[in-house]
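Here is a short report on one protein chain. Keep the sequence and the structure in view as you read.

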Amino acid sequence: MKIKLVQDLLGIGLSLVATAGAANFTHAQSSRDISQYNIFRPGENLNGYDPVSYFPEGGGQPAKGRPEIELSYMGVDYNFSTQENRDLFLQDPSKYEPTYGQWCAWAMSQGSTIKIDPLHYTVHGRRLHFFVGARAKGLFDRGLIENENSADGVWKNLSGEDPRK
């Protein structure tokens, strides 16, 4: 059975969130311009990788998601490797969604957008950053706080979205 949930924070979406006990979910922005996002292809963002799998509670390393465990969140589709990871995402989507619309964090800090390789990433606290490659990751990580601040500002100007915290 394919799991496809569309959360629009209205009507039944809000009641599903409340029942699931996802308090943080209701604090998400109610709309966003996904035309600014690096969307791989419908139903397979992050090249099919599970966004929760990068965090310790989701396994701590990239895992391919399963198409039958899919979630559409505010216009972006994600696949999850386990039902538990999908449930974790629902509890706190702002933690597990990639920063900067799935663009390379280093490029964003420099004022541009470059597609990512989902195997080059940094988890910093509650934030999941992706990179085009190892060199970009190293450059970003060397000045992590400053680069996050710069990328946050560029992303806000580009998309209108507040940074994920």
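The chain has six helices and five strands. This is a predicted model. Along the sequence, the elements follow the order β-α-β-β-α-α-α-β-β-α-α. The chain holds 165 residues, and 47% of them count as buried. Now take the contacts in the chain with a separation of 6 or more. Residues 24 or more positions apart account for 60% of these.

**The core**

Which residues have the most contacts inside the largest nonpolar core? They are Y54, F80, F89 and F130, in a core of 32 residues. Several elements each supply at least two residues of this core, among them β2, β3, α2 and α4. β5, α5 and α6 do so too. In soluble globular proteins, nonpolar side chains tend to be buried together.

Look closer at F130. Leave aside its neighbours within four places in sequence. F130 is then in contact with L46, Y54 and P98, among others. Its partners also include W103, C104, A105 and I116. D117, P118, H120 and Y121 are on the list as well.

**Two helices that cross**

How do α5 and α6 meet? Their axes come within 5 Å and cross at roughly 100 degrees. Angles of 65 to 115 degrees count as roughly perpendicular, so α5 and α6 are roughly perpendicular to each other. On the α5 side, the residues in contact are L139, F140, D141 and R142. On the α6 side, they are L144, N147 and E148. By class, this contact of α5 with α6 has three nonpolar, one polar and three charged residues.

**Two residues to compare**

Is D77 buried or exposed? And what about Q61: buried or exposed? The table gives the place and the relative accessibility of each.

| Residue | Place | Relative accessibility |
|---|---|---|
| D77 | strand β3 (residues 76-80) | 13% |
| Q61 | loop between α1 (11-20) and β2 | 55% |

Buried means under 20% relative accessible area, and exposed means over 50%. D77 is therefore buried, at 13%. Q61 counts as exposed because its value is 55%.

Each residue has its own partners. The D77 side chain makes a polar contact with the side chain of S72, at 2.9 Å. Q61 touches S53, Y54 and Y121, not counting residues up to four places away in sequence. Y54 and Y121 are also in contact with F130. Finally, Q61 and P51 are ten residues apart along the chain. Their C-alpha atoms are separated by 9.8 Å.

Definitions and conventions. Residues are numbered from 1 along each chain as its sequence is written. This is a predicted model: local features need pLDDT of at least 70, side-chain atom pairs count only at pLDDT 80 or more; totals for chains, interfaces and linings use all residues. Side-chain values use heavy atoms; hydrogens and water are left out. Helices (H or I, at least four residues) and strands (E, at least two) are DSSP runs, numbered from the N terminus. Buried means under 20% relative accessible area, exposed over 50%, partly exposed in between (1.4 Å probe, protein chains only). A polar contact is a pair of N or O atoms within 3.5 Å; within protein, one must be able to donate a hydrogen and the other to accept it, and residues adjacent in sequence count only if both atoms are side-chain atoms. A nonpolar core is a set of buried Ala, Val, Leu, Ile, Met, Phe, Trp, Tyr and Cys residues joined through side-chain atoms within 4.5 Å. Contact means heavy atoms within 4.5 Å. Axes are lines fitted to C-alpha atoms, for helices over the stretch in contact, and angles run from 0 to 180 degrees between N-to-C directions. Angles under 35 degrees count as roughly parallel, over 145 as roughly antiparallel, 65 to 115 as roughly perpendicular and the rest as oblique. Ala, Val, Leu, Ile, Met, Phe, Trp, Tyr, Cys and Pro count as nonpolar, Asp, Glu, Lys and Arg as charged, and the others, Gly among them, as polar.
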